[in-house]
Amino acid sequence: KVPVEDQPENIEEQTVNLVKTFIENPNSIILAVSPGNVDLANSEALKMARQVDPEGRRTLGVITKADLMERTTENRLVLEGKSIPVKLGIIGVINRSQAKLDGGQLFEESLGEEERFFKTYYNFLAGEMGTPYLTQRLCKILLEHVKECLPELILRINEQKVVQQQVLEALGPCVVGAHDTLIELINGFCRTFDRNIEGREVIKLSNGEDISGGRHLFQQFQATICTDLENIVLPDDIELQIEHGILSACGAKPALFTPNITFDNLASQQIRTYVQPVKRAIKKSSETITDILMQMSKASFKRFPNLKREAYHTCLSLNLRKTAEVEKFMDKYMKCEISYININHKLFTADRQRIETEAADDAQDLPFEKQNVKRIKALLELYANIIKYQLMDVVPKTVMSIMVYGFHEEIHKHLLRNLSQEEKAEELMREDVFIEEKRDKATKMLEALERADSITCLLD
């Protein structure tokens, strides 16, 4: 209890905590050892045993220095196990004193002296006292306890064997043949990308969602290009813009007919508002693919940090190149739509007559100029919607064709070209130290469990 020499100040607390880590286990047998020359009511060993085993079902009391006990009725009752409630009994022993050790007393001589003492003073208990009996009793208790716990023990051993085998399977075997293993991993990564995009395999994205990459791309299309374009309508002052456009196109002359330039300019102006949603959709698609590639790299190459990093950077560079191709294609496409307003578009001509008639009916009480403005507004809305719905179709197709399937066509050879050199293989296939340590630990644990399993078979 009192620290001596270089012991820490809390030596008592450390000792108690250490003992408790063992005796609190419900499967442990508690050996409560107390000296016979002190009051057993103050025994720290019995006190701690009672805290964790109040009924004394797994506690065996041992009284040392039994020859120094006062030979009273009370102490006899202690040795008989009648005053201290421990179910496994009380056993008295006499160990060699320091003086006898220094005097060269043999262990066999000490046992003989111990036997004579108990036969002389506790003859009625002599057969259940002494070091030899303590040894036999402990062996018997331990054997009975093991047999009692054996079914549960076998079950736990088998459960842990399954757990450790699963750990080893998840970690994978040690790398033998770095270059061949590298090629296999790259092939597997590309197959996983294909299955993910086709919806045959899911992956946990950075937002925690378990979903296939193809489905996630579809959700992005719906959330960006479709939603954004649906929300774009003609400006509130479009009728005023139409009037100004007609006057500007006619110059100093009064307007008898609506110049085509007015419709073309306003339609082009409306289509320009679609440029940012298109760019945003391409950016979000690229970010989605980047996220998919990052999570796939982590999953496919998690054992090899160098390979994971290099593979991700290689995929990222290809994705950025494909993104640039999509941006270039859509930039040209948008310029085409803006620069040339095709009023002979089949969908436009099919609905033009109906739209003009409906607009005229709605504005029949208005002056001719106002009727004309209403008519142009309706036609502008028709044309803008046609281009809007074309973009809802063209953008996903372009992204999938160039950014996804184009990436799919090139990624395998791109990874092989950048990563499969023989001189790089050893460095890329170097495992994380943590993985090596975990595999070694799991292997040793499995070996220990196999040995334990073989022992339990002998005991069963």
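Select Leu46, Ala49, Arg50, Asp53, Pro54, Gly56, Thr59, Ile84, Pro85 and Val86, and you will have picked out the lining of the largest cavity. Keep in mind on this tour that the model is predicted.

**Stop 1: the cavity**

With those residues showing, look at the space they enclose. The largest cavity holds about 70 Å³. How many cavities of 30 Å³ or more are counted? The count comes to 1. Rolling a probe the size of a water molecule over the atoms is what reveals the empty space that is left.

Now colour the lining by residue class. You should find 6 nonpolar residues, 2 polar ones and 2 charged ones. Next, show the helices as ribbons and select residues 44-52, which form helix α2. This helix gives the largest share of the cavity lining, 3 residues.

**Stop 2: Thr59 and its strand**

One of the lining residues makes a good stepping stone: Thr59 lines the largest cavity and lies in strand β2. Is Thr59 buried or exposed? Its relative accessibility is 2%, under the 20% cut-off, so Thr59 counts as buried.

Extend your selection to the whole of β2, residues 59-64. All 6 of its 6 residues are buried, so β2 is largely enclosed by the rest of the structure. Turn the side chains on and look along the strand. In a regular strand, side chains alternate between the two faces of the sheet. Here Thr59, Gly61 and Ile63 point one way from β2, while Leu60, Val62 and Thr64 point the other way.

**Stop 3: the neighbour β1**

Add residues 30-35, strand β1, to the view. β1 and β2 pair in the parallel sense over 6 bridges. To see one such partnership, pick Pro35 in β1 and look for its bridge partner in β2, Thr64. Following the chain, you cross from β1 through α2 to β2, and this β-α-β crossover is right-handed.

Which residues of β1 are on its covered face? They are Ile30, Ala32 and Ser34, whereas Leu31, Val33 and Pro35 make up the uncovered face.

**Stop 4: on to β3**

Select residues 90-92 for strand β3, which pairs with β2 in the parallel sense over 3 bridges. Here the residue to click is Gly61, whose bridge partner in β3 is Ile90. The path from β2 to β3 runs through α3, and this β-α-β crossover is right-handed too.

You can try the distance tool here as well. Thr59 and Ile90 are 31 residues apart along the chain, and their C-alpha atoms are separated by 9.3 Å.

Before leaving, click on Lys65, in the loop between β2 and α3. What is the sign of its phi angle? Phi of Lys65 is near 55°, a positive value in a residue other than glycine. Lys65 counts as partly exposed because its relative accessibility is 40%.

**Stop 5: the largest pocket**

Now select Asp39, Leu40, Ala41, Glu74 and Val78. Among the 18 residues that line the largest pocket, these lie nearest its centre. The pocket has about 370 Å³ of space. The elements giving two or more residues to its lining are α2 and α3, the latter at residues 73-79. Colour the lining by class and you will see 8 nonpolar, 5 polar and 5 charged residues.

**Stop 6: the far end of the numbering**

Jump to residues 433-459, helix α16, and find Asp440 in it. Asp440 is partly exposed, as its relative accessible area is 39%. Now compare its place with that of Gly103. How far apart are Asp440 and Gly103 in space, C-alpha to C-alpha? They are 50 Å apart, and 337 residues separate them in sequence.

**Last stop: zoom out**

Finally, show the full chain as a ribbon. The protein chain contains 16 helices and 5 strands. Along its principal axes, the C-alpha trace spans about 140 × 60 × 50 Å. The radius of gyration of the chain is 44 Å, whereas a compact globule of 460 residues would have one near 23 Å. If you colour by burial, buried residues make up 39% of the 460 residues.

How values were computed:
Residues are numbered from 1 along each chain as its sequence is written. This is a predicted model: local features need pLDDT of at least 70, side-chain atom pairs count only at pLDDT 80 or more; totals for chains, interfaces and linings use all residues. Side-chain values use heavy atoms; hydrogens and water are left out. On a 1 Å grid over the protein atoms alone, a cavity is a set of points where a 1.4 Å probe fits but cannot get out, and a pocket is an open set with protein on both sides within 12 Å along at least five of seven lines; lining residues have an atom within 4 Å of a point. Grid points are joined across faces, edges and corners, and a volume is the space filled by probe spheres set on the points. Helices (H or I, at least four residues) and strands (E, at least two) are DSSP runs, numbered from the N terminus. Ala, Val, Leu, Ile, Met, Phe, Trp, Tyr, Cys and Pro count as nonpolar, Asp, Glu, Lys and Arg as charged, and the others, Gly among them, as polar. Buried means under 20% relative accessible area, exposed over 50%, partly exposed in between (1.4 Å probe, protein chains only). Two strands pair if DSSP finds at least two bridges between them. A crossover is right-handed if, with the strands pointing away from the viewer, the path from the first strand over the helix to the second runs clockwise. The radius of gyration is taken over C-alpha atoms; the globule rule is 2.2 Å times the number of residues to the power 0.38.
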